[in-house]
Amino acid sequence: MKLRVPECKAKGTAPANRYLNTRARRWASGGGGAPAAPWEKRRGGCRLAPAGPERWAMAAAVLLAAALGGGLLLIARRYLTGAGRASRAAAAALMRGKTVIVTGANSGLGRATAAELLRMQARVIMGCRDRGRAEQAAREIRAELGAQAEGGELVIRELDLASLRSVRSFCQRVLQEEPRLDVLINNAGIFQCPYMKTEDGFEMQFGVNHLGHFLLTNLLLGLLKSSAPSRIVVVSSKLYKYGEINFEDLNSEISYNKSFGYSRSKLANILFTRELARRLEGTGVTVNVLHPGIVRTNLGRYINIPLLAKPLFNLVSWAFFKTPLEGAQTSIYLASSAEVEGVSGKYFGDCKEEELLPKAMDDLVARKLWDISEVMVGLLK
Ligand SMILES: NC(=O)c1ccc[n+]([C@@H]2O[C@H](COP(=O)([O-])OP(=O)(O)OC[C@H]3O[C@@H](n4cnc5c(N)ncnc54)[C@H](OP(=O)(O)O)[C@@H]3O)[C@@H](O)[C@H]2O)c1
């Protein structure tokens with residue numbers, strides 16, 4: 001059954017792409033109300049649930065415990081992040097004068113990553129889809145860092161990962177202007193949006209999070225190789241665990257579920273990393289993938305939180321979510337640390353290697369996804 005879904009950015013599927021998509025698909029086809037809560041059960045006529053004021057006291061105690069626990073967690077996290085910063089002093093020396101591309105560098109993790117790399121005196125190219133937002137972020141970063149920004153450089157280049165044309169023109173300019181590229185950080189992402197299509201007719205989350213970065217990386221591989229040793233860092237998410245690569249409906253035309261769509265795109269990030277690592281063996285270019293944890297950023301822009309629940313959500317996110325700088329630590333580590341020199345094809349969280357589920361280590365699926373992605377983005381006609 002074909003779902004009727006709105007297309008917020010439906011410039012339509014160009015005939016060429018319809019052809020490609022079809023080809024790609026063909027290629028791939030190989031009564032009594034809720035039960036009472038335990039505390040509401042009566043035993044021997046005696047109600048176990050606390051009476052009104054007691055209930056409020058209990059709720060207040062739970063909130064207080066949550067706030068205290070959150071506070072302790074926050075202090076512990078700040079302490080741990082501080083330790084990470086110390087080892088970054090050594091990494092800073094390695095980054096001086098290096099050229100780094102960060103996609104989605106105007107917000108959240110990307111902004112924090114760009115700021116830290118600028119502090120390390122790198123030349124940071126911010127690949128952003130909106131020049132105004134990028135310029136504002138760059139101004140703010142320079143103002144926050146003050147004298148610490150000296151020696152580094154922030155450069156803004158327009159890059160809309162929802163448009164293969166934009167990805168191609170971004171890469172063309174980079175290849176014309178940059179003599180070298182030391183690190184590429186595939187960070188930009190979109191999360192659980194309603195059904196939308198990219199300019200080229202791909203489902204938005206798969207199109208931006210996977211396909212846009214797939215084309216970007218492939219077009220920049222030559223420059224990365226000639227600049228070796230160089231690195232590629234891919235930002236995925238733990239939510240990959242809930243995704244599957246359903247080759248028969250990569251465009252979600254048969255059915256669309258926004259949570260599944262996000263998880264699938266993040267699983268694709270990991271499979272892409274592992275297949276690319278295999279292809280890059282012996283070139284001096286490494287590629288690793290990470291999950292940043294739960295971070296307080298603009299990623300949840302499509303999630304509707306009821307107005308009354310917003311203060312509680314803000315409290316919980318303040319207490320339990322990482323700040324963008326904390327969340328960016330693993331990206332910065334993989335981009336700059338001598339500890340991961342030569343390490344490739346691995347999955348990291350909190351600056352440490354982590355295990356993957358078997359579905360993310362399926363080399364056959366990774367190869368098939370690579371081949372089909374090449375067709376979808378027009379690298380293979
Ligand atoms: N926050 C978390 O808890 C969390 C957890 C796991 C993984 N991640 C991953 O972390 C990465 C960064 O996300 P974030 O949390 O920092 O979210 P964010 O604050 O929303 O930043 C996302 C960035 O991606 C950019 N972007 C979105 N669509 C784009 C497109 N079509 N072309 C170019 N850039 C585009 C955004 O640009 P605009 O500002 O112009 O929209 C923004 O700069 C994402 O890959 C996300 O999946 C985040």
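**View 1. The shell around the ligand, sorted by residue class.** By class, 12 nonpolar, 11 polar and five charged residues make up the shell around the ligand. Please keep in mind that this is a predicted model. In total, 28 residues surround the ligand. The closest of these are Ser107, Arg129, Tyr262, Thr297 and Arg301.

**View 2. Two helices that help to line the ligand.** Here we look at helix 3, which spans residues 108-119, and helix 7, which spans residues 258-279. Each of these two helices gives at least two residues to the shell around the ligand. Tyr262, listed among the closest residues to the ligand, is a good place to start looking.

**View 3. Polar atoms facing ligand oxygens.** Arginine 301 places an N or O atom of its side chain 2.6 Å from an oxygen atom of the ligand. At arginine 133, a polar side-chain atom lies 2.7 Å from an oxygen atom of the ligand. Leucine 299 takes part through its backbone: a polar atom there is 3.3 Å from a ligand oxygen atom. How much of the ligand's own surface does the protein bury? Taken alone, the ligand exposes 890 Å², and the protein buries 96% of that.

**View 4. Stepping back to the protein that holds the ligand.** The protein has 381 residues, and 49% of them count as buried. Its secondary structure comprises 11 helices and 10 strands. On the outside, the protein exposes about 19000 Å², with carbon and sulfur atoms supplying 58% of that area.

Conventions: Residues numbered from 1 in each chain as written. Predicted model: local features only at pLDDT ≥ 70, side-chain atom pairs only at ≥ 80, totals over all residues. Heavy atoms only, no water. Helix = DSSP H or I, 4+ residues; strand = E, 2+ residues; numbered from the N terminus. Buried < 20%, exposed > 50% of the residue type's maximum accessible area, 1.4 Å probe, protein only. Areas by Shrake-Rupley, 256 points an atom, 1.4 Å probe, with all protein chains shown as cover. Near = heavy atom within 4 Å. Polar contact = N/O pair within 3.5 Å; in protein donor to acceptor, adjacent residues only side chain to side chain. Nonpolar A, V, L, I, M, F, W, Y, C, P; charged D, E, K, R; others polar.
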